[in-house]
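Work through the exercises below on empty space and ligand contacts. Each task is followed by a solution in steps.

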Amino acid sequence: MESSQFEQIPDDTAERRALAIKMTAPGTALRVALDMILAGHLGALICVGDRENVLAAGSDGFALDVSFTANRLFELCKMDGAVVIDKDLTRIVRANFHLNPDATLPTAETGTRHRTAARMSLLTKSIVLAVSSRRSLITVYVDGRAIQLKSVPAIMTAVSQLSVAMQSTRQALDRELLRLTALELDNYVTLGDVAETFYLFEVLMTVAEQLDAHILELGNEGKITAMQREEYLGGVNEAYNLMIRDYAEDSSVENARSIRRIFHTTENTELRSAQVVGRILGYDQDLPADTAMVPLGLRTLSRVSVVRDDMAAKIVDEYDSLQELLNVAETNPNRLDDLGIENPGALANALRRMWGKSE
Ligand SMILES: Nc1ncnc2c1ncn2[C@@H]1O[C@H](COP(=O)(O)OP(=O)(O)OP(=O)(O)O)[C@@H](O)[C@H]1O
């Protein structure tokens, strides 16, 4: 039974919010009950978890100790008052319960049911659900904050818009990366080109994050969307990290990690500015967009199948830039032998092919 997934009500608010979304996602027994309550034009006030504190904040009602099922919860919500369920959603412990949280706890809600729900979530670690009979809405309260649950069709509308956005951003990024590879091989990259590519990486990450939030809301119904999301992100993480190392002042893995964090917290539109991207990459002066940039070549080398990960770093250490490596591959491929590359001929040919030169 699915209830074993919900063993703990976490202390951390963000984790509790995520758990609240997960336990009320379409397909869960709790959501089935909530949808039955909505369909029956009933209201409800339900507290899940932190049982001791919830029971201490109210009085009266019926003490129960019955196993939790969607039907039972639906039936009990026909009565006035609140229903109390234990933290792992296995037992219903109280029904028709009158809650009496501290009335000075702040809430912007209107209506006694929703004000009580918001206050109970401030007073306790319980996940509190309120179903409005008048407005046909399900609201989840965690730490005083309300989260409105959306219907599957409403979530799917947002999901399909985000999927389209993610697909077109991925296509634009792939085109930009191809263009960048060609520019790198011709030694013709500018800071403006680099900024545009980082901008597209971040737009893709932002859309992926928004899609993630909906996948959580969709529960079991979100599996296909999750698979689609993975597909749109295929290979992107690695290319992003390598590209940062290619162009950062300090190309270490740790520095690339911290640059990526800064890119992520910077407004996406700001990343279209070459100056902003130049500063984040560690360059002192405000460089203009047409500044020539010389990549290490890690990203491009990672696309050559004969180059293993550790070998790409070794090649870059030896040759400093992709351009130098290309010159050697073109004029003196035997020198690649000295690096211990198992198949220097294949590497030289692959680079020549990428460069648009015949073998
Ligand atoms: N303190 C409370 N403890 C338990 N149940 C409560 C409490 N306050 C309200 N309720 C429940 O909510 C029901 C509706 O109350 P009220 O109409 O004032 O709330 P509301 O927020 O306007 O809800 P709705 O949008 O469903 O009308 C009550 O009949 C009762 O069952």
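The domain bounds used here come from an automatic or database domain assignment. The model is predicted.

**Exercise 1. The second largest pocket**

Task: State the volume of the second largest pocket, then find which domains and helices line the second largest pocket.

Solution.
1. The second largest pocket has a volume of about 320 Å³. Its lining consists of 17 residues, and those closest to the centre are Glu 238, Asn 241, Leu 242, Arg 245 and Val 253.
2. Domain 2 (154-281) and domain 3 (298-355) each contribute at least three residues to this lining.
3. At the level of elements, at least two lining residues come from each of α9 (236-247), α10 (253-265), α12 (298-302) and α13 (309-319). The largest share belongs to α10, with 6 residues.
4. Sorted by class, the lining holds 7 nonpolar, 3 polar and 7 charged residues.

**Exercise 2. The largest pocket**

Task: Describe the largest pocket by volume, lining and residue class.

Solution.
1. The volume of the largest pocket is about 400 Å³.
2. Of its 21 lining residues, Leu 45, Gly 81, Thr 112, Arg 113 and Thr 116 lie nearest the centre. The elements giving two or more residues to the lining are β1 (44-48), β5 (91-99) and α5 (112-123).
3. Among the contributors, α5 gives the most, namely 5 residues.
4. The class count for the lining of the largest pocket is 10 nonpolar, 6 polar and 5 charged.

**Exercise 3. The cavity**

Task: Determine how many cavities of 30 Å³ or more the whole structure holds, and list the residues that line the largest cavity.

Solution.
1. Searching the whole structure gives 1 cavity of 30 Å³ or more.
2. The largest cavity contains about 40 Å³ of space.
3. Its lining is made of Ile 21, Thr 24, Arg 31, Leu 149, Lys 150, Ile 155 and Glu 217.
4. By class this lining divides into 3 nonpolar, 1 polar and 3 charged residues.

**Exercise 4. The ligand**

Task: Identify the residues that come nearest the ligand, give the distances from ligand oxygen atoms to side chains, and state how much of the ligand's accessible area the protein covers.

Solution.
1. There are 16 residues around the ligand, and Leu 99, Thr 112, Ser 132, Ser 133 and Arg 134 come nearest.
2. A polar contact requires a pair of N or O atoms within 3.5 Å. In the side chain of Arg 134, an N or O atom is 2.8 Å from a ligand oxygen. For the side chain of Arg 113, the corresponding distance is 2.9 Å. The side chain of His 114 likewise has an N or O atom 2.9 Å from an oxygen atom of the ligand.
3. On its own, the ligand has 630 Å² of accessible area, of which the protein covers 79%.
4. Two of the residues named here recur from Exercise 2: Thr 112 and Arg 113 are among those nearest the centre of the largest pocket.

Methods. Residues numbered from 1 in each chain as written. Predicted model: local features only at pLDDT ≥ 70, side-chain atom pairs only at ≥ 80, totals over all residues. Heavy atoms only, no water. 1 Å grid on protein atoms, 1.4 Å probe; cavity = no way out; pocket = protein on both sides within 12 Å on 5 of 7 lines; lining within 4 Å. Points joined across faces, edges and corners; volume = space filled by probe spheres on them. Nonpolar A, V, L, I, M, F, W, Y, C, P; charged D, E, K, R; others polar. Helix = DSSP H or I, 4+ residues; strand = E, 2+ residues; numbered from the N terminus. Near = heavy atom within 4 Å. Polar contact = N/O pair within 3.5 Å; in protein donor to acceptor, adjacent residues only side chain to side chain. Areas by Shrake-Rupley, 256 points an atom, 1.4 Å probe, with all protein chains shown as cover.
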